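Me: Please take me through one part of this model, slowly, strand by strand. I'm still new to reading sheets, so plain words help, and I'd like to know what sits around that part too.

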Amino acid sequence: MKRDLICTICPLGCKVMATYAHKKATAICGNRCPKGEAYALSEIRNPRRILTTTIKVEGGIFPLVSVRTNRPISRDSMRRVVKNLHNTFVKAPIEIGDRLAHGVSGSGSDIVATRSIPKKKAKP
Ligand code: SF4
């Protein structure tokens with residue numbers, strides 16, 4: 001099988017062509033540096049992505065906080081991770097960069113807040 005990829009490691013965006021069988025690369029060309037080969041191998045064997053989503057907030061000025069994984073996780077595990085996070089609540093206040101969940105997807109990735117959510121003020 002053949003697969004055309006755009007390497008996303010740096011802004012040059014090399015067009016990398018990978019020939020493979022049973023998730024094993026037999027030829028990789030078009031990359032200008034070794035990182036492109038590593039990228040193509042990862043895409044063939046186990047593509048990984050940074051997951052971005054939202055988590056419900058209790059007691060905050062907004063009902064949701066935007067989050068992302070602190071490292072790429074397997075694309076195959078994304079649906080399961082999002083499903084688990086759907087039932088997760090965190091309490092305000094939340095600061096940008098707070099780690100809100102640990103070890104998601106079994107890969108040691110954490111869920112990190114990408115914005116701050118102050119606590120809702122009580123009505124007088
Ligand atoms: S192959 Fe190397 S030079 Fe080309 S986009 Fe990837 S990292 Fe950049």
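**A walk around strand 10**

Reply: Let's start with one pair of residues: Arg-68 stands opposite Val-112, and Val-112 belongs to strand 10. Keep in mind that you're looking at a predicted model. Now go to the next pair: Thr-69 stands opposite Ile-111, again in strand 10. Behind these pairs is the pairing of strand 6 with strand 10, which is antiparallel and has three bridges.

Now look at the other neighbour. Strand 9 is also joined to strand 10 by three bridges, and these two strands run antiparallel as well. Here you can pick out Val-104, which stands opposite Ser-109 of strand 10.

Next, zoom out to the whole sheet. Strand 10 belongs to an open sheet of five strands, laid out in the order 8-5-6-10-9, and the pairing is mixed. Strand 8 (89–91) and strand 9 (99–104) are the edges, each pairing on one side only. If you rotate the view, look for the twist: neighbouring strands in this sheet are turned by 40 degrees against each other on average, ignoring direction.

Back to strand 10, which residues are on its covered face, and which are on its uncovered one? Ser-109, Ile-111 and Ala-113 make up the covered face, while Asp-110 and Val-112 make up the uncovered one. Read the numbers in order and you'll see them switch from one face to the other. That fits a general rule: in a regular strand, side chains alternate between the two faces of the sheet. There's a helix to find here too. Helix 2 (residues 78–86) lies across strand 5, strand 9 and strand 10, and runs at about 15 degrees to strand 5.

Now for the nonpolar core. The largest one has 13 residues, and the members touching the most others are Val-57, Val-65, Val-67, Val-90 and Ile-94. Strand 10 (109–113) shows up here again: along with strand 5 (52–58) and strand 6 (64–69), strand 10 supplies at least two residues of this core. Try clicking on Ile-94. Setting aside residues up to four places away in sequence, Ile-94 touches Val-57, Gly-60, Val-65, Ala-113, Ser-116 and Ile-117. One of those contacts, Ala-113, you've already met on the covered face of strand 10. A separate core of seven residues lies apart from this one, and its members include Cys-7, Tyr-39, Ala-40 and Ile-44.

One more thing to spot before leaving this region: the peptide bond between Ala-92 and Pro-93 is cis, with omega at about 5 degrees. Pro-93 sits in the loop between strand 8 and strand 9. Why point it out? Because most peptide bonds are trans.

For a contrast, have a look at the other sheet. This one is open too, but has three strands in the order 1-2-3, with antiparallel pairing. Its edges are strand 1 (2–6) and strand 3 (24–29), which each pair on one side only. Neighbouring strands here are turned by 30 degrees against each other on average, direction ignored.

Strand 2 has five bridges to strand 1 and five to strand 3. On the strand 1 side, Leu-5 has Val-16 as its bridge partner, and Ile-6 stands opposite Lys-15. On the strand 3 side, Thr-19 stands opposite Ala-27, and Tyr-20 stands opposite Ala-25. Strand 2 and strand 3 form a hairpin with two residues between them, and His-22 in the turn has a positive phi of about 50 degrees.

Is Lys-15 buried or exposed? Lys-15 counts as exposed, because it has 12 C-beta neighbours inside 10 Å, and the cut-off for exposed is 12 or fewer. Beyond its neighbours within four places in sequence, Lys-15 is in contact with Asp-4, Ile-6 and Gly-30.

Finally, find the ligand. The residues around the ligand include Cys-7, Cys-10, Cys-14 and Cys-33, and Cys-7 is also a member of that separate seven-residue core. By class, the shell holds six nonpolar, three polar and two charged residues.

Notes:
Residues are numbered from 1 along each chain as its sequence is written. This is a predicted model: local features need pLDDT of at least 70, side-chain atom pairs count only at pLDDT 80 or more; totals for chains, interfaces and linings use all residues. A nonpolar core is a set of buried Ala, Val, Leu, Ile, Met, Phe, Trp, Tyr and Cys residues joined through C-beta atoms within 7 Å. A residue is buried if 20 or more other C-beta atoms lie within 10 Å of its own, exposed if 12 or fewer, and partly exposed in between; C-beta atoms are placed from the backbone. Helices (H or I, at least four residues) and strands (E, at least two) are DSSP runs, numbered from the N terminus. Two residues are in contact if their C-beta atoms, placed from the backbone, lie within 7 Å. Two strands pair if DSSP finds at least two bridges between them. Axes are lines fitted to C-alpha atoms, for helices over the stretch in contact, and angles run from 0 to 180 degrees between N-to-C directions. A residue is near a molecule or strand if its C-beta atom, placed from the backbone, lies within 6 Å of it. Ala, Val, Leu, Ile, Met, Phe, Trp, Tyr, Cys and Pro count as nonpolar, Asp, Glu, Lys and Arg as charged, and the others, Gly among them, as polar.
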